[in-house]
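Thanks for sending this one over. Here are my notes, set out point by point so you can follow them with the structure open beside you.

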Amino acid sequence: MKKITLGFLFGIFFALLAVTAVHAGDPVYATTTRAYIDGECLPCYVYQGYPYIVAEDLGGYGFDVKWDAYTDILDIQYNPEKKFYPYGYLNVSTNYTGEKVAEVVQNPTKVRLKNDFITGYSLDGRMLISLDDLYRYGNVNYYPESDSISFTSHKFMEQNPDWAVLMPAYEMLLNIDYAVNACETIFRTVVPYSLYNPYWDDPYTKLQVNPTYIKRLQAIKGYLQKRLTLTEQNQAFYYKGKFYHFIYSATLEPQDCIDILSDYYPFSGFYQGHGRYDLCEFHPDYMAQYDELWKLIVPYLNLHSKPELYNFVNPYA
């Protein structure tokens with residue numbers, strides 16, 4: 001039997017330290033991929049090319065999350081009787097240009113899920129984990145058409161026998177609608193209140209156009225066009241035909257915003273007030289198809305909460 005020397009132990013110590021330090025300072029990015037737990041959306045991030053969620057967020061999605069200060073272990077257990085307190089999909093920010101949002105920091109905290117230790121990375125005191133690890137309590141699927149990673153619990157599958165057909169369509173519906181809403185949000189950031197307020201007296205309004213906004217709108221358009229291509233190629237997608245026309249009409253939203261803002265870039269200009277109220281409206285064709293798909297899919301899902309039929313709320317109304 002070999003004698004263990006002090007030098008050998010120091011070697012192991014510094015080797016472990018080096019492994020830990022590899023992740024410190026690594027960037028965490030925003031992502032277009034949206035994460036869902038039993039149909040409810042929660043924030044998702046990209047770390048080292050893979051989607052991650054914040055472990056502590058699971059406390060609002062049917063999981064008990066407890067941290068033991070003595071052992072420095074974050075314990076996660078699924079609780080089928082626990083009430084959901086989800087973010088709501090419009091409260092989950094999505095950045096279509098993949099910007100850096102944080103960095104991983106060193107943290108000795110360990111994460112335990114269903115009595116198994118899993119990989120976790122510290123994000124400003126919270127722990128990032130892979131949604132894939134939730135397979136212990138159900139199914140984890142990635143739907144490329146909707147760009148969503150989805151955990152479906154055993155309980156949810158029992159309550160929704162058609163979940164395999166309905167969930168990809170439901171998540172697609174929300175993701176496309178979110179992209180369209182993101183266009184409106186960007187546009188309203190650029191276009192001042194007076195441009196679409198019918199009671200504003202000044203008929204001329206200055207537009208301050210930033211090229212960053214045009215870049216973001218182009219990224220959203222590219223995202224929607226990719227969803228269109230993937231939907232067309234997916235022969236197994238049950239609602240393929242209906243979604244194809246829906247997504248196509250959605251691509252008109254960012255293009256309209258790009259056309260309007262491009263007229264004023266690289267200079268800021270004055271927009272005359274006539275016809276101004278049409279600038280911030282959804283296309284009627286888009287809204288009609290959204291309504292149709294909603295009635296076709298949502299009533300047949302036993303969801304924890306049902307988002308409003310029209311999800312975009314005009315903050316200036």
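**Notes on the pocket and the sheet**

1. The largest pocket holds about 440 Å³ of space. Please keep in mind throughout that this is a predicted model.

2. Which residues lie nearest the centre of the largest pocket? They are Ser93, Thr94, Asn95, Tyr178 and Ala182, out of a lining of 22 residues. These five are a handy place to start when you turn the model on your screen.

3. Next, the helices around the pocket. Both α3 (163-190) and α4 (211-233) give the lining at least two residues each. The largest share comes from α3, with six residues.

4. As for chemical character, the lining of the largest pocket counts 14 nonpolar residues, seven polar ones and one charged residue.

5. Now to the sheet. Six strands make up an open sheet, and they follow the order β8-β1-β4-β5-β12-β11 with antiparallel pairing. At its edges sit β8 (100-103) and β11 (121-123), each of which pairs on one side only. From one strand to the next, the twist averages 40°. As general background, strands of a sheet pair through backbone hydrogen bonds, in either a parallel or an antiparallel way.

6. How many bridges join β11 to β12? There are three, and β12 (residues 126-129) runs antiparallel to β11. To see one pairing for yourself, look at Ser122: its bridge partner in β12 is Met127.

Methods:
Residues are numbered from 1 along each chain as its sequence is written. This is a predicted model: local features need pLDDT of at least 70, side-chain atom pairs count only at pLDDT 80 or more; totals for chains, interfaces and linings use all residues. Side-chain values use heavy atoms; hydrogens and water are left out. On a 1 Å grid over the protein atoms alone, a cavity is a set of points where a 1.4 Å probe fits but cannot get out, and a pocket is an open set with protein on both sides within 12 Å along at least five of seven lines; lining residues have an atom within 4 Å of a point. Grid points are joined across faces, edges and corners, and a volume is the space filled by probe spheres set on the points. Helices (H or I, at least four residues) and strands (E, at least two) are DSSP runs, numbered from the N terminus. Ala, Val, Leu, Ile, Met, Phe, Trp, Tyr, Cys and Pro count as nonpolar, Asp, Glu, Lys and Arg as charged, and the others, Gly among them, as polar. Two strands pair if DSSP finds at least two bridges between them. Axes are lines fitted to C-alpha atoms, for helices over the stretch in contact, and angles run from 0 to 180 degrees between N-to-C directions.
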